[in-house]
Amino acid sequence: MLDIDSHSLSIPPHRIFCIGKNYDKHIKELGGKQAPDEPVVFMKPVCNIVAPGETISYPPAGKELHHEVEVVILIGKKGKSIPESEALTYVSGITLGLDLTLRDVQKKLKKAGLPWELSKSFDQSAPLGIFKNFNSKELDINNLSFSCSVNGNSRQKGNTGEMIFSIPNLIHILSNWWILKPGDIIFTGTPAGVGPLQPGDKMEVESPMIGSYSWHLSPENL
Ligand code: MG
């Protein structure tokens, strides 16, 4: 299995925070009715990171693997209770990633009121692009368009301006719960258009200001 060892990260990864339910249309496409009052937070282990271009094995325990393209940020310095107005000074990198999700498993877990790990934290569940150095003067983090295609067909289109909790707000809130440290990675939520993947599919994520990255699912459903 190919994993984080083949990824060129500028800072050793510390943790992966993921934000759920951060785009209104995505909440509705999964049958939700209203935006959460607080961000939905879960984590993936850093060993689940997959470098661009690597092949991903279809997870054996689920039947409905979904792509979720997300803007991903890298924290570059330590901070606690970070004011929203200073939040972007803690961001050292930005890229795109896929929060791969076993939707059939997640539906069962949600229904039973159980934690999401089995549906979100399986091996290779965090394909991650290369972090581009972040400079808030060059890039408006609150107006970033990004997309995901599968086998060349457009599946998801989003803009960070549509987020329920903006990236500065997420950093503020997360830093009230955890002391953020260099190497912390934040997947910031997915827009509408999530859908199933099949063995052999090619997933490509793209943003004009960030770049494009792709991964293949192994053609064999092992
Ligand atoms: Mg997600």
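Which residues coordinate the magnesium ion? In this predicted model, the job falls to E68 and E70, each through OE, and to D99 through OD, at 2.0 to 2.1 Å. Read along the chain, the donors keep the spacing E-x1-E-x28-D. E68 sits in the loop between β5 (65–67) and β6 (69–75), while D99 sits in the loop between β7 (91–98) and β8 (101–102), so the pair ties together parts that are 31 residues apart in sequence. Both E68 and D99 are buried.

Strand β6 is a good place to go from here. Seven of its seven residues are buried, and the cover extends to both faces: V69, V71, I73 and I75 point to one side, E70, V72 and L74 to the other, and all are buried. This fits the usual pattern, since side chains in a regular strand alternate between the two faces of the sheet. The metal donor E70 thus belongs to the same face as V72 and L74. As for partners, β6 runs antiparallel to β7, with seven bridges joining the two. Strand β13 (residues 184–187) also pairs with β6 in the antiparallel sense, here over three bridges. V72 shows both pairings at a single residue: T95 stands opposite V72 in β7, and F187 is the bridge partner of V72 in β13.

On the other side of the E68 loop, β5 takes part in an open sheet of three strands, ordered β8-β5-β14 and paired antiparallel. Here β8 and β14 (195–196) stand at the edges with a single partner strand each, so one side of each is left without a neighbour in the sheet. Two bridges hold the antiparallel pair of β5 and β14, and H66 stands opposite P196 of β14.

A further set of pairings is built around β11 (residues 145–150). This strand is mostly covered, five of its six residues being buried. It runs antiparallel to β12 (residues 153–159), to which six bridges join it. The hairpin of β11 and β12 has two residues between the strands, and N151 takes a positive phi near 55° there. β11 also pairs with β15 (residues 202–207), again in the antiparallel sense, over four bridges. C148 is a handy reference point in β11: its bridge partner is Q156 in β12 and V205 in β15.

How do these elements come together in the interior? The largest nonpolar core has 46 residues, of which I94 and I171 touch the most other members. Elements giving two or more residues to this core are β1 (15–20), β6, β7, α2, β11, α4 (167–177), β15 and β16 (211–217). Helix α4 gives the most, with five residues. Leaving aside neighbours within four places in sequence, I94 is in contact with V71, V72 and I73, as well as I130, F131, K132, F134, L139, I141, L144 and I210. Three of these contacts, V71, V72 and I73, have already come up as buried residues of β6. Apart from this core lies another, of 13 residues, among them I11, F42, W116 and I185.

W116 turns up again in the surroundings of Q106, a residue of helix α2 (residues 103–112). Is Q106 buried or exposed? At 3% relative accessibility, Q106 counts as buried. Its contacts, not counting residues up to four places away in sequence, are T101, W116, S119 and K120.

Finally, the cysteines. The disulfide count comes to zero. C18 is in no disulfide, and the nearest cysteine sulfur, that of C47, is 13 Å away. Seen from the other end, C47 is in no disulfide either, the sulfur of C18 being the nearest cysteine sulfur at 13 Å. A disulfide would need the two sulfur atoms within 2.5 Å. The surroundings of these cysteines can be put side by side: C18 is buried, with a relative accessible area of 0%, whereas C47, at 45% relative accessibility, counts as partly exposed.

Note on methods:
Residues numbered from 1 in each chain as written. Predicted model: local features only at pLDDT ≥ 70, side-chain atom pairs only at ≥ 80, totals over all residues. Heavy atoms only, no water. Donors = N, O, S within 2.8 Å, 3.2 Å for Na, K, Ca; no water. Buried < 20%, exposed > 50% of the residue type's maximum accessible area, 1.4 Å probe, protein only. Pairing = 2+ DSSP bridges. Contact = heavy atoms within 4.5 Å. Core = buried A, V, L, I, M, F, W, Y, C linked by side-chain atoms within 4.5 Å.
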